[in-house]
There are 2 protein chains.
Amino acid sequence: MPYRAPTSDFRFLMDHIVGFGDVAATDRFAESTPDMVDAILTEAAKMCEEIIAPLNRAGDLHPAKLENGVVRTSPGFAEGYRAITEGGWVGMSASPDVGGMGLPMTLTTAVNDMMSSSCLSLQLNPLMSQGQIEALEHHASDAIKELYIPKMISGEWCGTMNLTEPQAGSDVGALRSKAEPNGDGSFSISGQKIYITWGDNDFTQNVCHLVLARLPDGVPGTKGISLFMVPKFIPDADGNPGKRNSLKVVSLEHKLGLHGSPTAVMEYDGATGWLVGPAHGGMAAMFTMMNNARLGVGVQGIGIAEAAYQAALTYAQDRTQGKAGGSGAIIEHADVRRMLATMRAETYAARAIALMNAVAIDMATATSDAGWQARAAFLTPITKAFGTDIGIETANTGIQVHGGMGFIEETGAAQFARDVRVTAIYEGTNGIQAMDLVARKLMDGGEAAFRLLEEIEQGAEAAKTTQPELAEAVWQSAESLREATEWLVAQTDLNQRFAGAVPYLRAFARVLGGHVHLASAMAGDASRVKLATFYIKRLLPEHIGLLAHVREGGDDLLAITADDLAS
Amino acid sequence: MPYRAPTSDFRFLMDHIVGFGDVAATDRFAESTPDMVDAILTEAAKMCEEIIAPLNRAGDLHPAKLENGVVRTSPGFAEGYRAITEGGWVGMSASPDVGGMGLPMTLTTAVNDMMSSSCLSLQLNPLMSQGQIEALEHHASDAIKELYIPKMISGEWCGTMNLTEPQAGSDVGALRSKAEPNGDGSFSISGQKIYITWGDNDFTQNVCHLVLARLPDGVPGTKGISLFMVPKFIPDADGNPGKRNSLKVVSLEHKLGLHGSPTAVMEYDGATGWLVGPAHGGMAAMFTMMNNARLGVGVQGIGIAEAAYQAALTYAQDRTQGKAGGSGAIIEHADVRRMLATMRAETYAARAIALMNAVAIDMATATSDAGWQARAAFLTPITKAFGTDIGIETANTGIQVHGGMGFIEETGAAQFARDVRVTAIYEGTNGIQAMDLVARKLMDGGEAAFRLLEEIEQGAEAAKTTQPELAEAVWQSAESLREATEWLVAQTDLNQRFAGAVPYLRAFARVLGGHVHLASAMAGDASRVKLATFYIKRLLPEHIGLLAHVREGGDDLLAITADDLAS
């Protein structure tokens, strides 16, 4: 079943739901006319449908391999990568000052969604470059910017992120990699990094590693960490790849999914690197990259949800079984209909949240308004965790719709579930996202949260004549969420917040989903009204149980000791 | 991390929660003294820990293979199978009349749970034989019983179930396999069957296939289907494997998990078979086998949940990361604690429900009481669907607890998730289970459901002085479930029931979980009180959202057309 890019959903969401009109009305993004948006969506859709999606199965069946120290990528990936870079999709949101197209992150988000649906293993490569470009734009010296960013945008080179070490995962501050000054402005980087996505490949001339390491005078913990650009080949005077740097891929991981994406253990053995941002200021630069990547990873989940949904829908329309009535296909069975409607309604909600997030980023970029910045920061962990959870759940439901065929690898349904699983883990586990939400993102006393809740209530207020039942349900859910938020903000012991962090994030996403579905029922056709009704009446009530969990706090939970658990 | 059989949970549940005392008090099961129960649990635990669990990874890495028409099984599986059969675990619940041990299904359920935790791929083989033995006991001629059952119990031979054909999955009535009388009392069976678990092996002398096929005068649909015993080798006059039958394994499936279990496409080409049960009465016989297997498959989910939980707990106690406090291990983080407590509380609830189900079967066997039969029939789809859903969710959470390591196959966390996934699909998808629950199992006007609800309310009543908060929560949940059940029973249009069937089944399991946890808080030590508190306050509230979904009925859902979904 071929992938069909959901361009009409993107257009509808941008035009009616997430306020893209405000973005296009800014000077910064004045070029994003309706014609431009159409051209972008149409071109990206064409590439994804025709060139990228056909590579997905090959990546799974023929994993990237390490042969004599060289990474051999999956069949067709080099051509796929070339199509992506030639389309200009890597640097579409990079500033025109450094060779980018300067387009809104909202559009990049839509394109990343489509590329993720098509071939997640391959899409990870440009996603890493996009994040690196943004980090360099904000933190690197002009010399580094001018040398590296244009090559990353053209696709001649690509980028990676090197944070994790065996003893330093979620706890980045525990890292041991070292950087010694060479006396010529460069540094000598040593250490081992693990889980390095696209740590190497055989289709770019260079691989640019952004590596976190500690300078000799760096204090322990995150405040003593610096960021370095460490290219595979050291650029010569003309900016071309020169001498091989002292770094190598030690091994590739054997993973549950994403077989086409080489995940490397990297060894830096006195490799030459250059500081990006100030000494000991590495975490700030890395957070720029990670925030970008967190939105991007949430969108990966949504992209897989879309692909899994399309495959399940096609199967359910073709497969006849039982006294289904109507077409005779299994889609006529109420329970299959329930699964498909859930998949579609959840994917739609998660996609709308991701685009709201991107719009907030674009508005922050265009206006430097602190309110938009706060909104973007607040929505990022929600997009990441909810988008990836929905990706996992939807892919899992996709297997179920396929029945016995879902367990057979040839069908492809299982690959979606295997590939998407890691998205809830990398770029900060979803637990870390939730902790970020209830701690750092509520440090403003809940201001960003309450502003969102006000908008949700205004939306419900506006809908109460046309869609009284749906409006009332959304309004009530926002009230419950407000109470839970007030309770969380009042907890000074962070463990009281952390114990219910994951259910809180999910409940917030649930209510946001109700908000966007209600808006969709107000602005859309009969199909959108039906889907909104399904979501608001059947899925939104999940927030009640989730908020009950939140309100329990941490005492009972932390009273359960390791001994209790082992008994 | 080695598997440790949770024998103390089994003992506690049997002694205090699920009423095993009543089973042991019957004449039929008078041998099930506390000493006998101890001996069974201890022996089975030892075998699972020492012999079976070490085979699990080898089964994944070295899948069963078809070579020149012969199935080659995974390394060590032959020895593992021998240990299971020599321990007497295949026929432990078979009647002593046919060479079985005549022990309660409750004990078989505990042993199957342990074997599933240890190596699900291998355990599937004796599970199929157990189901076949029960079907033969109830439906086969004396000649077939005497010839086949003792060999199946000894492990010399093993059994399979052959229902599915490419066009006939959930819709068994659509099958096309044919049976022609040979005139000598035997039949000639022809057709293709798919998804045949353990369709062949290289460690038993014979493989006994129970095959559904249609006689020449069989009407279309399920009422024209008959069941046949079709052995791989036709027994000679002495009952030893003789002439090769006209059947073969065409191919083995390439599956998401359970690599050690060969899933075959079988071709019957005029193979010799014998009728089991009356002509055109195949479905009744097959249902005996499937009901047994449905309990067994639910228990597979629980077994994997246990194994995934143990692995995650060990990892969380060993892995240090972040400012965790206490031991410094990640188990000190509130969110990790939440995940582990959820895994343990859910596994415990699902296991208690499975054992309640087994006790009902045993009481029905011992007393022929219609009330116990109705309870067993009511609980079977709940055990199957909830047990397997919890297996999938818990394995998924296990991956999350492992962080990045969870995505790496060497860890083993991902294998649990891959292996368990099909349990929600085979032996009737979980959607089919839920439809069975709200249609056939409520055909008594809800009597079996209401009797269970009365017991839940009585339990809450009894607990209200000692555990007032928990008792109140459980009582309220039972009331809500009662209302939803009354509403369902009143719906004559089955689609009104089917639309919310899956959420209803889940809500029923949730409330049953509250019931058993409350009983556990009343009878158990401080650890059990803490776990019950966690479950009842944080997980039980999920039923509210689920029942909201149920009460919506089918209209809005079925109004969503295929066109709406595709738009």
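Is Asp9(A) buried or exposed? In this predicted model, Asp9(A) counts as buried, with a relative accessibility of just 2%. That makes a handy starting point for a look at the charged pairs, since Asp9(A) has a salt-bridge partner in Arg344(A). The closest N and O atoms of this pair sit 3.0 Å apart. Arg344(A) belongs to helix α10 (residues 334–367) of chain A and Asp9(A) to helix α1 (residues 7–17) of chain A, so the bridge ties together parts that are 335 residues apart in sequence. The arginine end is tucked away too: Arg344(A) comes out at 8% relative accessibility and counts as buried, because the cut-off for that label is under 20%.

The story doesn't stop with two residues. Asp9(A) and Arg344(A) are members of a network of salt bridges that also takes in Asp113(A), Glu306(A), Arg351(A) and Arg528(A). Over all chains, a search of the whole structure turns up 57 salt bridges.

Another pair in chain A paints a rather local picture. Glu50(A) and Lys46(A) form a salt bridge, with 3.6 Å between the closest N and O atoms. Both residues lie in helix α3 (residues 34–52) of chain A, and their spacing of 4 residues is about one turn of the helix. As for solvent, Glu50(A) is exposed, at a relative accessible area of 51%. That value only just earns the label, because exposed means over 50%. Lys46(A), at 42% relative accessibility, counts as partly exposed.

Over in chain B, Asp200(B) pairs up with Lys232(B), and here the closest N and O atoms are 2.8 Å apart. This bridge links distant parts of the chain, 32 residues apart. Asp200(B) sits in the loop between β5 (187–197) and β6 (206–214) of chain B, while Lys232(B) sits in the loop between β7 (225–231) and β8 (233–235) of chain B. Both Asp200(B) and Lys232(B) are buried.

What about the two chains as a pair? Chain B superposes on chain A after a rotation of 180 degrees, with 0.0 Å of shift along the axis and an RMSD of 0.0 Å. The two copies are thus related as by a two-fold rotation axis. The contacts follow suit: the same surface serves both copies, and 100% of the contact residues of chain B recur in chain A.

Note on methods: Residues are numbered from 1 along each chain as its sequence is written. Chains are lettered from A and ligands numbered from 1 in the order in which they are written. This is a predicted model: local features need pLDDT of at least 70, side-chain atom pairs count only at pLDDT 80 or more; totals for chains, interfaces and linings use all residues. Side-chain values use heavy atoms; hydrogens and water are left out. A salt bridge is a side-chain nitrogen of Lys or Arg within 4 Å of a carboxyl oxygen of Asp or Glu. Helices (H or I, at least four residues) and strands (E, at least two) are DSSP runs, numbered from the N terminus. Buried means under 20% relative accessible area, exposed over 50%, partly exposed in between (1.4 Å probe, protein chains only). Copies are superposed by least squares on the C-alpha atoms of residues with pLDDT of at least 70 in both. Contact means heavy atoms within 4.5 Å.
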